[in-house]
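New to this one? Here is a quick tour, with the main points grouped by topic.

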Amino acid sequence: MSSRWGVYVRDRSRRLVASLDGWTALQAVLRYRAVGSWQITAPVSANARMLATAGNGVIIQRNGITLLSGPTTSYTEQWGAEDPGDGTLVITGRDDLIDLARNLAEPDPLVVGAATQANDKITGPAETVIR
């Protein structure tokens with residue numbers, strides 16, 4: 001059984017805005033409880049440039065199931081005899097766990113007993129508790 005892969009461009013609000021067709025290489029590294037990474041090689045096109053835009057990102061699906069989603073961190077352009085048309089973009093990024101890794105919750109050293117508790121219990125609407 002062959003797999004169907006889908007590579008999509010998302011905007012900074014994480015909304016799907018375009019499909020990236022014609023990509024020639026895809027590498028997705030999924031890590032258990034750690035930040036994963038991705039790299040896509042594609043001919044230069046409007047959608048590939050949109051993916052390379054700061055703040056945008058990728059959604060990678062296999063057989064309709066999202067495997068990885070994350071922001072673009074860098075890109076390079078290549079031109080050469082083996083690169084078709086306007087050249088090739090190599091676009092890289094991290095998965096969305098990067099947001100959690102950048103915002104680890106540490107105990108407040110000024111609160112007595114905060115560092116001695118085994119866990120915290122916070123209640124409220126998810127959108128306010130996460131902040």
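Let's start with Ile 40: leaving aside residues up to four places away in sequence, Ile 40 touches Val 7, Leu 20, Trp 23, Ala 25, Leu 26, Leu 51, Val 58, Leu 89, Val 90 and Ile 91. Keep in mind that this is a predicted model. The rest of the briefing moves from the overall layout to the core, the strands around Ile 40, and then the surface and its charged pairs.

**The overall layout**

- The protein has seven strands and three helices, and along the sequence they come in the order β-β-β-β-α-β-β-β-α-α.
- There are 131 residues in the protein, and 30% of them count as buried.
- Take the contacts between residues at least 6 apart in sequence: 54% of them join residues at least 24 apart.
- The accessible surface adds up to about 9100 Å², and carbon and sulfur atoms account for 53% of that.

**The nonpolar core**

- As background, nonpolar side chains tend to be buried together in soluble globular proteins.
- Here, the largest nonpolar core has 16 residues.
- Which residues have the most contacts inside this core? They are Leu 20, Trp 38, Ile 40, Leu 51, Val 58 and Ile 91.
- Several elements chip in with at least two core residues each: strands E1 (5–10), E4 (37–43), E5 (57–62) and E7 (88–94), plus helix H1 (46–52).
- Ile 40, where we started, is on that list of residues with the most contacts inside the core, and its neighbours Leu 20, Leu 51, Val 58 and Ile 91 are on the list too.

**Strand E4 and its partners**

- How many of the seven residues of E4 are buried? Five of them are, so E4 is largely enclosed by the rest of the structure.
- One pairing partner of E4 is strand E3 (residues 25–29): these two run in the antiparallel sense and share five bridges.
- Within that pairing, Leu 26 has Ile 40 of E4 as its bridge partner; Leu 26 is also among the residues that Ile 40 touches.
- E4 pairs with E7 as well, again in the antiparallel sense, this time over seven bridges.
- In the E4–E7 pairing, Ala 42 is matched with Leu 89 of E7, and Leu 89 is another residue that Ile 40 touches.

**A nonpolar patch on the outside**

- Not every nonpolar side chain is tucked away: Trp 5, Leu 30 and Leu 67 make up a nonpolar patch on the surface.
- Together, these three residues have about 290 Å² of accessible area.
- Trp 5 sits in strand E1, and with a relative accessible area of 40% Trp 5 counts as partly exposed.

**Salt bridges**

- Searching the whole structure turns up five salt bridges.
- One of them joins Arg 15 to Asp 11, with the closest N and O atoms 3.2 Å apart.
- Is each partner in that pair buried or exposed? Arg 15 is exposed, at 52% relative accessible area, while Asp 11 is buried, at 15%.
- Asp 96 and Arg 14 form another salt bridge, and their closest N and O atoms are 3.9 Å apart.
- Asp 96 is in the loop between E7 and helix H2 (97–102), while Arg 14 is in the loop between E1 and strand E2 (16–19), so this pair ties together parts that are 82 residues apart in sequence.
- Arg 14 also meets Asp 99 in a salt bridge, at 2.3 Å from N to O.
- That second pair links distant parts of the chain too: Asp 99 belongs to helix H2 and Arg 14 to the E1–E2 loop, 85 residues apart.
- Salt bridges with shared partners bring Arg 10, Arg 14, Asp 96 and Asp 99 into one network.
- Three members of this network are partly exposed: Asp 96 has a relative accessible area of 24%, Asp 99 has 28% and Arg 14 has 44%.

**Two backbone oddities**

- Arg 14 shows up once more here: its phi is near 70 degrees, a positive value in a residue other than glycine.
- Arg 33 isn't a glycine either, yet its phi is positive, at about 55 degrees.
- Both sit in loops: Arg 14 between E1 and E2, and Arg 33 between E3 and E4.
- Arg 33 is exposed, with a relative accessible area of 73%, whereas Arg 14 counts as partly exposed.

How values were computed. Residues are numbered from 1 along each chain as its sequence is written. This is a predicted model: local features need pLDDT of at least 70, side-chain atom pairs count only at pLDDT 80 or more; totals for chains, interfaces and linings use all residues. Side-chain values use heavy atoms; hydrogens and water are left out. A nonpolar core is a set of buried Ala, Val, Leu, Ile, Met, Phe, Trp, Tyr and Cys residues joined through side-chain atoms within 4.5 Å. Buried means under 20% relative accessible area, exposed over 50%, partly exposed in between (1.4 Å probe, protein chains only). Helices (H or I, at least four residues) and strands (E, at least two) are DSSP runs, numbered from the N terminus. Contact means heavy atoms within 4.5 Å. Patches are made of residues with over 30% relative accessible area and no salt bridge: like charges are joined within 9 Å, nonpolar side chains (Val, Leu, Ile, Met, Phe, Trp, Tyr) within 5 Å. Accessible areas come from the Shrake-Rupley method with a 1.4 Å probe; for residues, only the protein chains shown count as cover. A salt bridge is a side-chain nitrogen of Lys or Arg within 4 Å of a carboxyl oxygen of Asp or Glu. Two strands pair if DSSP finds at least two bridges between them.
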